[in-house]
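I'm opening my notebook and looking things up one at a time. Here is what goes on the page.

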Amino acid sequence: MGPLLSVSELKKRYEVKRSLFSRDREIIRAVDSVSFDLKHGSTMGIVGESGSGKSTLARCILFLEKPDSGRVFFKDEDLMDVKKNELRSLRRDMQIIFQDPYSSLNPRKKVYETLSEPLLFHRIVGRDSVRERVIEILMDVGLNEDFIEKYPHEMSGGQRQRVAIGRALTTNPSLIVADEPVSSLDVSIQAQIVNLFLDIKEKTGISMLFVSHDLNIVRFISDDIMVMYKGMVVETGSKQEVFYNPLHPYTQMLIDSIKGDFFKKEVDYNTDISQGCPYFPRCSIRNDRCKKDTPVLIGDKDHKVLCFRYAN
Amino acid sequence: MHRVKIIKEFLKVKEITIKISGLHTEISTDSGTIKAVDDVGFHIEKGKVLGLIGESGSGKTMTAMSILRLVPPPGRITRGNIIFEGRDLLNLTKKEMESIRGNRIGMIFQEPMTALNPVIRIGEQIGETIAFHNNLSRSDIKQRVFELLRQVGFEDPEKRYIQYPHQLSGGQRQRVLIAIAISCNPSLLIADEPTTALDVATESQILYLLRQLISGQGMSMLFITHNLNIMRRFGDYVCIMYAGRILEEGSVEDFFSEPLHPYSRGLLDSIFAFKGDETRLKAIPGFVPKLSDLPEGCKFHPRCMYVMPICKKNEPEAKKIGEDRWVRCYLYQN
């Protein structure tokens, strides 16, 4: 059996005007030649700062945003080729959870409607057993029958996110894409939701793409980690490798910042570059070559890095 | 009056910039009165950083707004003292307060995108505050703005002076806001989640800059955040807020080596527990209560794993445990 999800050379660009009245346009490479495989039952954490392209990547994989080029294989089917109605039935198998449970739930629908709708739409259960299944799902996400009649505004942020997770589980998907699912929650609630994801993973063997800017959380939940910077994957590998043996200077900086080295001053910051290594302007170990040439990912299947320092 | 005199004496010895005691801020709503800040007290010494830590709705921002006397109606301060530079801010007139805000007390807010006026040049926005509080000529103000821009890390102040906010990155905008906040050499800087909207690397730089400013100019700082990780490295003292109250107070060393309140311990566990190969995080059960719907007794008791019968009936007083070390919990009342 191949991987559940296989992404190769995925690209997405946006054109933006330099200013309101200007004619010349700037091309932003939100996702730049990203390739990776996600094994059945494993979780890949995607880390990066805002603007690194991690959310765009997640949306492109689900075809919520159409990639410019590249291939996305989901269960050996090429999503670039499938027709619209086929995509709809595939969607059932891949669900997304968004950052903000305040805006991702319909404020005018009770929890019951939110959860029963996908069950009926995809004909997963018959009308007579919908209620039963909804209650089961609520229990799975740590809520109970009392929540059935509630509207989103009657619940706390953590409870709303539980409902959103429940909705994603209604169709028994094989893949869940979670885009910053805990960042809008309070610290004491974040840990609860992370634990819920771990419970679900253990119980259902589901595969996950977990997008977050918080390396601490990603480290806890993932089997593999992918670090993105300016649309490119700068380092990827197993959790142990990336976390305990970080190779790329950017990953090293991220890990230092959660460990305690705080007040490191960085090299000049805001220079935009059209060629060379994307991390060049901020890198502490750069040399002339990094300015001219763009590095490629090198390494073995357990650990890859985008940096000339490790090339021969 | 006598009490104020004693406090004044106290301030002289320890060089305390601000001392708050018994502060109560309430919001009247149709369904009753909400106590957003309930008996809050702390002091900040010269050149020190106090971190006010809490989750959403804990009253940390309301405390800052109370100090600045900017509590939005229908909220109002009902009781308390805020002694700053020998005066009780709560007794000042509107006009006197205006001469303190932005002048003796600088402010930095969370959103660098919205706190700046998008159609006014950077230099003019910084100059505005200086002109309001000082009687200086235009060229003197301009010189001062250049100096400030350099101080917050811009190498090309002449170029920055004529730029607009949209031409700057998030971190640069935050630097501009810091320049505005320190433009009149305040003795207290209030920063409300100043790095929350920024990336890790930018956050580090901004904190580095703030640290330099504090030690260089002997400023004190009230740093409001939900992020314990930042405070561990950046703060001198921490106050943990929950449901409008301070549950625990102490120096950074004391607090992080031995957190006392079950809530503090829970918070620290849920972020620092990632050491060995635990399979689950130690989460605090339950949810953050709404201020309009607080439980009886100790406000944390429904989520507390050490809950005792008394916690459900009465609310514990803040008890002094050691030097600058306070905790509000029945586990420590004897």
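**Entry 1: a helix in chain A.** I started with helix α4 of chain A, residues 111-121, and looked for its buried residues: they are A:V111, A:L115, A:S116 and A:L119. Next I looked down the axis of α4(A): the buried residues fall within an arc of 95 degrees, so they line one face of the helix. I should keep in mind that this is a predicted model.

What covers those buried residues? I found that the cover includes α5 and α6 of chain A. Then I stepped just past the helix: α4(A) is followed by A:R123, which has a positive phi, near 50 degrees.

**Entry 2: a loop residue.** From there I went to the loop between α5 (130-140) and α6 (157-169) of chain A, where A:M155 lies. Is A:M155 buried, exposed or partly exposed? I got 19 C-beta neighbours inside 10 Å, and being buried takes 20 or more, so A:M155 counts as partly exposed.

I also checked what A:M155 touches. Setting aside neighbours within four places in sequence, it is in contact with A:K150 and A:R160. For a longer reach I picked A:C277: it sits 122 residues from A:M155 in sequence, and their C-alpha atoms are 46 Å apart in space.

**Entry 3: chain A as a whole.** I zoomed out and noted eleven helices and twelve strands in chain A. Its radius of gyration is 21 Å, close to the 20 Å that the globule rule gives for 312 residues, so chain A is as compact as a globular protein of that length. I wrote down the box too: along the principal axes, the C-alpha atoms fill roughly 70 × 50 × 45 Å.

How much of chain A is buried? I noted 41% of its 312 residues. I then turned to contacts in chain A with a separation of 6 or more, and 63% of them are between residues 24 or more positions apart.

**Entry 4: over to chain B.** Here I looked at two strands, β1 (residues 16-29) and β2 (residues 32-45). Which way do they run, parallel or antiparallel? They run antiparallel, and I noted eleven bridges joining them.

I wanted one facing pair to find on screen, so I took B:I18, which stands opposite B:I44 in β2(B). Last, I checked the turn: β1(B) and β2(B) form a hairpin, with two residues between the strands.

Terms used
Residues numbered from 1 in each chain as written. Chains lettered and ligands numbered in written order. Predicted model: local features only at pLDDT ≥ 70, side-chain atom pairs only at ≥ 80, totals over all residues. Pairing = 2+ DSSP bridges. Helix = DSSP H or I, 4+ residues; strand = E, 2+ residues; numbered from the N terminus. Buried ≥ 20, exposed ≤ 12 C-beta atoms within 10 Å, placed from the backbone. Contact = placed C-beta atoms within 7 Å. Rg over C-alpha atoms; globule rule 2.2 N^0.38 Å. Arc of directions from axis to C-beta.
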